[in-house]
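Q: I'd like to learn how to read a sheet and a cavity in a model like this one. Can you walk me through it?

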Amino acid sequence: MCSHHHGSSSVDYPTTNHGPGAKWIKHLTKDRLSTFNGGHFSDVNLASVLFVHRLDDANHVSLQVWSAPGLEKPSFEEAMKQKFRPAKKGESFGPSWVRSDTNHWWKVSVKIPAYWEQYERVQFEFDPGCEAMIYTTDGVPLQGITGGFGGDRRVEYIIPRELVKAGKHEFVIESSCNGMFGVPWNGDTIAPPDMNRFFQLASADLVVPRADAWALLWDFQTLRELVDTLPGNTALQNRALSVANEIMNVFDNTDLASIPRARKLAETVFGEAWESKGEGIYKDGAERPQIWGIGHCHIDTAWLWPYRVTQQKVARSWSTQVDLMERYPEHRFTCSQAQQYKWLEQLYPPLFERVKAKILKGQFHPVGGSWVENDSNMPSGEALARQFIFGQRYFESRFGKRCETAWLPDSFGLTGALPQLIRLADMKYFFTQKLSWNNINVFPHSTFNWVGIDGTQVLCHMTPVDTYTAQATVGDVNKGTTNHKNLESSDISLLVFGNGDGGGGPLAKMLENLRRIRAVSNNSRELPPVSMGQSVEDFFDTITKESEAGKKLPNWSGELYLEFHRGTYTSHGSIKKGNRKSEILLRDVEHLATLASLYKFHSGDYNYPNDTINDCWEKVLLNQFHDVLPGSAIGMVYADAEKLYAEVRKDAEELIEEAYSALLPKSVRASTKVPIVTSDFRLVGYNTTPFPRRDVVEFPAHNGTVHMVLECPEGSNVSLPSTTLTEDLDRGAFASINEAGDLVFQSPVVRMTISEGRISSLVDLELDRELIPAGQTGGLVIFDDRPNYWDAWDVEVHHLETPHPLHFTNYSVKSNGCVATVLAEVKYGQSTIKVKISLDSIAATLKKDSRPLIRFDATVDWHERHKFLKFEIPLNIHNDVATYETQFGHVQRPTHKNTTWDMAKFEVCGHKYADLSEFGYGVALLSESKYGFSCRGNVLRISLLRAATAPDAEQDQGMHEFSWAIKPHKGHFLESDVPQAAYIFNSPLHLRYVGEDDHAPLLETKTPFSVEGASNVFLETVKRGLDDDFDSHENSAYVSVVLRLYEAFGGHAQAKLNIGGHIPFRKVLLTNLLEDEIEELDVHKDESSSFVKLKLHGFEVKTVKIIVGRAFSSDAESEGASSRRSSWVTVEKP
């Protein structure tokens, strides 16, 4: 028996059903979404109603143009003085970067119909197909323009309401004939530039956008991204697809009332009345966001465009961000590179003041603390320190604060020396992401403690979004969680969004999208909440707090090696040489200028040339940008870089001569290219290294060459000729060709044999040890070099499968005795390689049992394409690791292929040496300008030249001069003199002629600063303090000397830092890189000098600041006072 209940029901469910049902074919519905805007149906879809009005006639838009001649980049003021001609839409302008008409200036006058005042917004649309910038008529940059139809398009200039009401507006535009990514000739981004490209003015229109239609476009875009990003079985993904589909059904381009109805449908995903909350949308929903949005504009300081174009890109990009901040209060923008701020300050002062105001307001955030976003593989340790010193001091001087976060998102690998330098530069956080480009292994962490080679750590975030140019899409936001590598220890991510590389930064559509994405997450847990309005430092502070100061985070120790772009250690060899030579030249300048500035006995008017030195450093630091020094920019960039290096060399050599005029009055520079002068002069050498040394100096003579041995003993910087040593060594090294036709070099301790053009034997005679295995040979070798895509950047592992050994020929023995020298030649393809091979009779250093160098000086006329030239030497030595110099220390890398992590390091970066050692013996390769090395098994190689054709079609073509050396050594690397020998190999003596009777106090005093008791501690830098009074000649002026030291072998040290008795001083301080005082050091005294005791751990860098002035004690003061009568330092009591 059934019981029937006829109670009321809230829902009526019909008894019969005559319909087909609501089942959809999901993938077809999803595909349909692509037809809602633009494309084939643009005449009937949303694109047809995006604008209410568009006018371009002469009655409403008046254009005048002046094209700057050549490659000139005139200022606004200069441009306004020129004669402008009438112009119109549709005209072409160019060519791009050659001969003429690269930059164009436009005077624009628009008349706005009175009835347009009713509309929410009136815009001027300017699309020159290239980059441009809007100015006021008095020269204030307002915003950038990016023409074309890429994702970075921004062609609208919003006319202020008061000017719409006025009915007339005049403004100025500067356009430049280059795209956001330069002007690649065939459309491939990395192709060499098309120097003759023209651009057409596609639009110069006065328009009224339909605001609600654009808002619907952004609604729909967010819905599409939800559909494309989220898994297909989630409720949110299906709801977004359903709503987007219904919007397409509701929208009717003939019925404008359908637009608000369609937008209302979107609220079922975004939330009711979400838009009315504006920036307040970020206050709703989750209190703790998982994704932190920060606007960013990565501008390569040079890459597919030269430096001068970057200066314009900075102004365009940053003015755009200032404009967006006015419209989107939540927008926070971060940008690095002090050089770009300085360019803005120099070239666009009104815009700089607008940016500064936003910085002080907390909306525009300087970050990075460095001069540029530098390469971190090849700059020296001191150069990396200067990147931070120059960057931090600039930011502090202009904006009253330093950066807290180091920022290198695009550098091609990161040295393990960085964490210590970051902390010493008063930062503790680090942001990067380039290792997401690894082409072999996936880096295992997103947020971690990065521990450097010395044990110092920084808190590092490698955004799981895997880019510094995110487009602020749903996919980007979602990836911040789904791609995070260690959610168990930290579940927040940084979303760094905005168009970049070529500049641009965030667009309004990105900020609109993020508001909608946040609205979605306020109503659904299927999308992580994104927040806006905070800084990068806020993000890192949160991680620090939540991870208990990093205790809950994983660690990564040592370098962050990029498994990609390994060819950049070698590409553009002349730039690598310019960098190394400039770094050493500036080290010498500072050393000599510091001593000269203390010496007032003969040259009371000498002042430390601080401004010129800083100017030189800025040029060197600029060229260390991560697409310049690596050799991955277009040819125009290297023309500029070479010019900068030439300027540095000229200025530095002049400064050195000025310093010697105070230190060695009446002395003149001695050239080894002309015969030695013996009458009335004596030859002396000045040694700027911290090591004693012995050098063989070669001079031409009427019957060949003459050699002289100069020796610099411990405790001195002066090298003097030794007639006894010269005579003793005059028959110490020989080269000859034996009966078998082999070329044999021999000294008392080393013999090298070249058979059939290859090095077949290298014997340590003292130990009777053959260093080259039977059946193997060394010498020059060429490999085919055809990477999978990134030509100048990459060398791939498969290049090692194509070796072509080269053979030395045409031997010519040039000298025997102090030095055995042979000239040899190698021909390959269209190239000629001439090599001077030398074996010294003297050891590389004065260390006991040191072995001599076998030196190779090459002159190469290089005309190959896609070939890789190396020098290799197989060794009868076994070790699982080889040792390579890095900044302020060394790093060991595998010689085997046990794992893919080991295999990935088939080409690595080193500085002045690479070494393969085992217990008892080792061999190193020394470099004076090369950075690429490898050691696979027992074969040690140095990379010499590449020949890529993109993005510079002529990379490395032409003449090159460079040197390398083989350095055998008794004992393991850690017992060797390899770092000292490499240091000396890169630092030739300064040779001077001094009159026989000239008074030269520099030659009569001991070195003013030296390290004793710790052979593993190197005195790298001698300079004046950052805050010294350089303009005053008064003895009461603030004077300090700064010394930078480091431990070079990876162990502890207790060192005495000696300060010469002729240097009166007040106190000695330990500081950081920025010369902030850490502690005052106790000063001790012995018979001839004062000293401080320093304790260092492995690879530690210490900066010591000596305040020069009144002596530190009454006894020393008395001694200092009496010594002033004869001292070459005169510093009165304050």
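A: Sure, and keep in mind that this is a predicted model. Start with pairing: two strands count as paired if DSSP finds at least two bridges between them.

Q: What order do the strands of the open sheet of five take?

A: Reading across, the order is β16-β17-β19-β18-β22, and the pairing is mixed.

Q: Which strands stand at the edges?

A: Those are β16 (405-407) and β22 (555-557). Each has a single partner strand, so one side of each has no neighbour in the sheet. As for the twist, neighbouring strands are turned by 30 degrees against each other on average, ignoring direction.

Q: How many bridges join β18 to β22?

A: Three, and β18 (residues 447-451) runs parallel to β22. If you want a spot to click on, N449 stands opposite N555 in β22.

Q: Now the cavities. How many of 30 Å³ or more does the structure hold?

A: A cavity is a set of points where a 1.4 Å probe fits but cannot get out. Here there are 10 cavities of 30 Å³ or more, and the largest has a volume of about 280 Å³.

Q: Which residues lie nearest the centre of the largest cavity?

A: Out of 20 lining residues, they are S380, G381, E583, K912 and E1020. Elements giving two or more residues to that lining are α10 (381-399), α15 (573-598), β40 (881-886) and β50 (1017-1024). Of these, α15 gives the most, with four residues.

Q: How does the lining of the largest cavity divide by residue type?

A: Five residues are nonpolar, eight polar and seven charged.

Terms used:
Residues numbered from 1 in each chain as written. Predicted model: local features only at pLDDT ≥ 70, side-chain atom pairs only at ≥ 80, totals over all residues. Heavy atoms only, no water. 1 Å grid on protein atoms, 1.4 Å probe; cavity = no way out; pocket = protein on both sides within 12 Å on 5 of 7 lines; lining within 4 Å. Points joined across faces, edges and corners; volume = space filled by probe spheres on them. Nonpolar A, V, L, I, M, F, W, Y, C, P; charged D, E, K, R; others polar. Axes fitted to C-alpha atoms, helices over the stretch in contact; angles between N-to-C directions.
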